[in-house]
Amino acid sequence: MTIETATPRNNSASLRKALAILQHLGDDITGEGFTITQIAAALDLNKSTVTRLIQPLVETAFVEQAPETSAYRLSWQTARLGQAYLAGVRPDRDMQNTLHALSQQTMETVHLVRAATPHVVYIDKVDSPHAVRMFSRIGSTQPMYSTSVGKCILAHADESTIQAVLEAGMPARTSTTITTEKALREELARI
């Protein structure tokens, strides 16, 4: 009997689309969720595809439908997975002292992030003691091109990582967001 070796990449298109739905719902900072139409538009999918893929996510409690709006949002199973991840990483043990020391030295909010190109994922943070400070949420993702920590990672990244960010697109998020390849490369050179 021969055992076939696994291919380095799972080509399941449906699984990838379902995971994209989960990631998109995870980017919802309002907690209000997204409708099928909004999810389909954001991910460039058919509404029927989103409806078909979201149903098993609802049945397994990874996604729930908000009763007041019928929009979809992450459910308690995602929190359980997040807590399991954090229990293994233990940022409180691994990096908390360093984060506190940096925050005390700089008097600013300090983040521990992980690159998830073309995004960064916020793993842990220590807030600034100032009354006005940056809002961030542990577990949220933000585009690399529009965050200071993301640009720091990109400034030291290889060309393929930079290309992945450029290919993902750089829509304006504020009036000062860098939205062109030329401007991003200039910023990375300065960094």
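Trainee: What classes of residue make up the lining of the second largest pocket?

Mentor: Sort the lining residues by chemistry and count each group. In this predicted model, that lining has 11 nonpolar, 10 polar and 3 charged residues.

Trainee: Which residues lie nearest the centre of that pocket?

Mentor: Look for Thr141, Gln142, Pro143, Thr147 and Arg173, which lie nearest the centre among the 24 lining residues. The volume of this second largest pocket is about 680 Å³.

Trainee: And which element gives the largest share of its lining?

Mentor: That's β5, with 3 residues. At least two lining residues also come from each of β3, β4 and α7 (148-155).

Trainee: OK, what is the volume of the largest pocket?

Mentor: About 1500 Å³. Its lining counts 37 residues, and Leu22, Gln23, Gly26, Gly139 and Thr141 are the ones nearest its centre. Two or more lining residues come from each of α1, α2, β2, α4 (76-89), β3 and β4. Sorted by class, the lining of the largest pocket holds 20 nonpolar, 12 polar and 5 charged residues.

Trainee: Let's move to the inside of the protein. Why look for nonpolar side chains there?

Mentor: Because in soluble globular proteins nonpolar side chains tend to be buried together. Here, the largest nonpolar core has 16 residues, and those with the most contacts inside it are Ile21, Leu25, Ile39, Val50, Ile54, Val63 and Tyr72. At least two residues of this core come from each of α1, α2 and α3. There's also a second, separate core of 13 residues, including Val120, Tyr122, Tyr145 and Val165.

Trainee: Can we zoom in on one core residue? What is Leu25 in contact with?

Mentor: Skip its neighbours within four places in sequence, then list what remains. For Leu25, that leaves contacts with Phe34, Ile39, Val63, Tyr72, Arg73 and Leu74.

Trainee: Now a helix. How many residues does α3 have, and how far does it reach?

Mentor: A handy check is to compare the reach of a helix with its expected span. Helix α3, residues 47-59, has 13 residues and reaches 18 Å from its first C-alpha to its last, close to the 18 Å expected at 1.5 Å a residue.

Trainee: Which residues of α3 are buried?

Mentor: Thr49, Val50, Leu53, Ile54 and Leu57 are buried. Their cover includes α1 (13-26), α2 (36-43), β1 (63-65) and β2 (72-74).

Trainee: What about the backbone angles? What is the phi of the residue Ala61 that follows α3?

Mentor: Ala61 has a positive phi, near 65°. Look in the loops as well. Asp44, in the loop between α2 and α3, has a positive phi near 55° although Asp44 is a residue other than glycine. In the loop between β1 and β2 sits Ser70, with a positive phi near 65°.

Trainee: Are those two loop residues buried or exposed?

Mentor: Check the relative accessible area of each. Asp44 comes out at 72%, so Asp44 counts as exposed. Ser70 is at 42%, so Ser70 is partly exposed.

Trainee: One last backbone feature: where is the cis peptide bond?

Mentor: For this one, read omega. The cis bond joins Thr117 and Pro118, with omega about 15°. Pro118 is in the loop between β3 (110-116) and β4 (119-126).

Conventions:
Residues are numbered from 1 along each chain as its sequence is written. This is a predicted model: local features need pLDDT of at least 70, side-chain atom pairs count only at pLDDT 80 or more; totals for chains, interfaces and linings use all residues. Side-chain values use heavy atoms; hydrogens and water are left out. Helices (H or I, at least four residues) and strands (E, at least two) are DSSP runs, numbered from the N terminus. The expected span of a helix is 1.5 Å times one less than its number of residues. Buried means under 20% relative accessible area, exposed over 50%, partly exposed in between (1.4 Å probe, protein chains only). Contact means heavy atoms within 4.5 Å. A nonpolar core is a set of buried Ala, Val, Leu, Ile, Met, Phe, Trp, Tyr and Cys residues joined through side-chain atoms within 4.5 Å. On a 1 Å grid over the protein atoms alone, a cavity is a set of points where a 1.4 Å probe fits but cannot get out, and a pocket is an open set with protein on both sides within 12 Å along at least five of seven lines; lining residues have an atom within 4 Å of a point. Grid points are joined across faces, edges and corners, and a volume is the space filled by probe spheres set on the points. Ala, Val, Leu, Ile, Met, Phe, Trp, Tyr, Cys and Pro count as nonpolar, Asp, Glu, Lys and Arg as charged, and the others, Gly among them, as polar.
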